[in-house]
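Q: I would like a close look at one part of this structure and at what surrounds it. Please explain each term once, with its cut-offs.

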Amino acid sequence: MKKPTMKRIITGMIQHLLAALLMIAVAGLLFNSYLPVDTIDGTVVYRMKSEDFGQEFEDSAIYDDLFRNAVSDITQLVVIKDRLETDGNFDPAKHIDITEYAKMTGVDKGCGVTASYELDDLIKWGKRGVEYTERNMSMSEFVGYFGYCIYPENFGFDEYGQLVFKGFNKLTEQNDEPDETENDITPNNDENLKNVREAMSQYTQQQLEDMVFSHLIAKDMNQVHLSREDDGSLTVTFPMLVCRYDTTDGIRQLADYADNWRDYMRLQENLAAAVEGLTRDYERYQICNPVYAGTNTNVKYVVRFSPDEKDVTYTNVPDLETKRDDEVTEYFSEFGRHLIYYPDSLVFMGNTSMSEDEIFEYIETYDYAYLDAIHIWLGVDTGYAAEGDAFYTASRIYSNVIPNVSRVIMMICLFAICWIGIMIPMSVTAGVTYDDEGNIQRYLNRFDRIWT
C-alpha cells in the first residue's frame, strides 16, 4: 500500500487550516451581526440585517427602532410631568383629586364623591402596596352603616307597581342630592309618599333591608358577598381599603367622604387606581426625566398644547419654551432627523421612516391628555454631541461594525474559494497512486477501513 507523500500531507494540513479560518470568519460575522445597546429599559441586542450593510446608521432599522422608542418615551414623559410637576419641577405636595384622576385615566365608574391627597403620600403608599381588610357585618349593620335609610323618600314603585328601594335620598343626619333614579321607578311626591308608607307597612324590617341590599349589589358592587351562617343569619363580606395616610383635609377614613356603599366602593377603587398609577408614573419619571434632560441626550423635543386657550410647553431646550411655533419649527428643521406634528391642522413633516399613523398611536394611548390643540417637535442631533445616550452608543458600535462586516465577508469568500480549490484535486486523487509503469493503483487508508 502506498503511503501519502509529504506534499499531500502538507496540502491536507493547509486545507484543514483554511476550514478552521473559514469557521472563525463565519463566527466573527455572526458575532458582529448583533449590537448590544444600553437603553433606559436595559440592554437591547439588535440583529444586523442584510439591508443595513453598506448604509448610514440613520437609515438602518436599528436607528428606526431607537427613534420610535424615543417618541414613545417622550409622549409618555410629557403626560407624567403634567401629573407630577408644578412649574417644571417635581411637586411632592401637589394635591391629587383621586376621582378626577380616575376620570382622566378612564377607570372611574361614576363615583359621586372624591377626596384629595398629597402626591408624596400616594407615592409612598404605592411603594408599600395597597392593602385591604376583609370586613364581616350582618345584613342590618351593612345596610345601616352610613345611617338609617329605611325612609319612604328612599323607596318607590317600579313599572309593575312593586315596592323597590330607589336610592339614598335621605339618611339619618343629612339630606343630600337624590341618588340616580331609574327611569321606570315612579318619583316621589306627597301622594306617592303616602302610598309608599302604606306599602312599606306590609313588609318586615328585614325584607326592606333586603331591598336596600339588592339595590347596592345591582350597582356593580361585585366585591360584596353574602353568606348564610349556621343559625340562619346572613353575613355580608366585603373588602375595605386600609388607609395609610390622611387626606389634605386631615381625614384618615375614606368612609367619611361617602354616605352610601355605592359611592364608597367606587371611591376606594379610584383611590387604589391613583395610588398604583401615580407610583408607576413616578418610577417611570425617575428613569425618563434625567435621560431626556438637556445635554444628557441627543434627542430634543418640544410638546405644546393649549388647555383653556393658554399654552403649556414641555421641552428639554429651555430657550424654545417661549418661542413661536414657526421659530420652533425652523429650529428643528436643522436636525439631521426630525418630525413635526400638528394634529389640529393635519400637519406632519419629517425625514424619518416614522409615519403619521404611528405617532398618532402613541398619542392615542393618552388621548385624555393630548387634546387636538397640540403641537409636537422632536429631533435627533446626528452629530451625537451628547455622549452616553442610546443613539451615541449605537452609532459608534454601528460605525465600527459595518467596515468589519465587509472585511469579514471578503475573508469568508477568499477562504471558501481557496478551500474549494484544494478540496477538488485532493478528492480526485484520494486513494490513487501510480506504479512504476504509470498505471493507476488504488488503495485504502486505515481511516477508509472503519465501518460506517
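A: What follows starts with one residue of a helix, then turns to the loop before that helix and to the aromatic rings.

This is a predicted model, in which local features need pLDDT of at least 70 and side-chain atom pairs count only at pLDDT 80 or more, while totals for chains, interfaces and linings use all residues. Residues are numbered from 1 along each chain as its sequence is written, and side-chain values use heavy atoms, leaving out hydrogens and water.

The helix is α8, which covers residues 261–291 and contains Cys 288. (Helices are DSSP runs of H or I, at least four residues, and strands are runs of E, at least two, numbered from the N terminus.) Is Cys 288 buried or exposed? Cys 288 has a relative accessible area of 1%, so this residue is buried. (Buried means under 20% relative accessible area, exposed over 50%, and partly exposed in between, with a 1.4 Å probe and protein chains only.) Outside its neighbours within four places in sequence, Cys 288 is in contact (heavy atoms within 4.5 Å) with Ile 40, Asp 73 and Leu 77. Another residue to look at here is Asp 41: 247 residues separate Asp 41 and Cys 288 along the chain, and their C-alpha atoms are separated by 9.7 Å.

Other cysteines can be set beside Cys 288. Cys 413 has a relative accessible area of 42% and is therefore partly exposed. Cys 418, with a value of 33%, is also partly exposed. How many disulfides does the whole structure hold? The search finds 0, where a disulfide is a pair of cysteine sulfur atoms within 2.5 Å.

Before helix α8 comes a loop from β11 (234–241), and Arg 244 has its place in that loop. Arg 244 counts as buried because its relative accessibility is 17%. With residues up to four places away in sequence not counted, Arg 244 touches Trp 125, Arg 128, Gly 129, Glu 131 and Arg 252.

Next come the aromatic rings. The count is 26 aromatic pairs. (Rings of Phe, Tyr and Trp, the last by its six-membered ring, pair if their centres lie within 6.5 Å; planes under 30 degrees apart are stacked, over 60 edge-to-face, and the rest tilted.) One of these pairs joins Phe 90 and Tyr 282; it is tilted, with 5.3 Å centre to centre and 40° between the planes. Tyr 282 belongs to helix α8 and Phe 90 to strand β4 (residues 89–90), so the pair links distant parts of the chain, 192 residues apart. How do the two residues stand in accessibility? Phe 90 counts as partly exposed because its relative accessibility is 29%, and Tyr 282 counts as buried because its value is 17%.

A further pair is made by Phe 142 and Phe 213, and this pair is edge-to-face, with 5.7 Å between the centres and 70° between the planes. Phe 142 is in helix α5 (residues 139–143) and Phe 213 in helix α7 (residues 205–217), so the pair ties together parts that are 71 residues apart in sequence. Phe 142 and Phe 213 are both buried. Phe 142 and Phe 213 also belong to a cluster linked by ring pairs, together with Tyr 145, Phe 146, Phe 238, Trp 261 and Tyr 264.

To go back to the starting point, Cys 288 in helix α8 is buried and is in contact with Ile 40, Asp 73 and Leu 77, neighbours within four places in sequence left aside.
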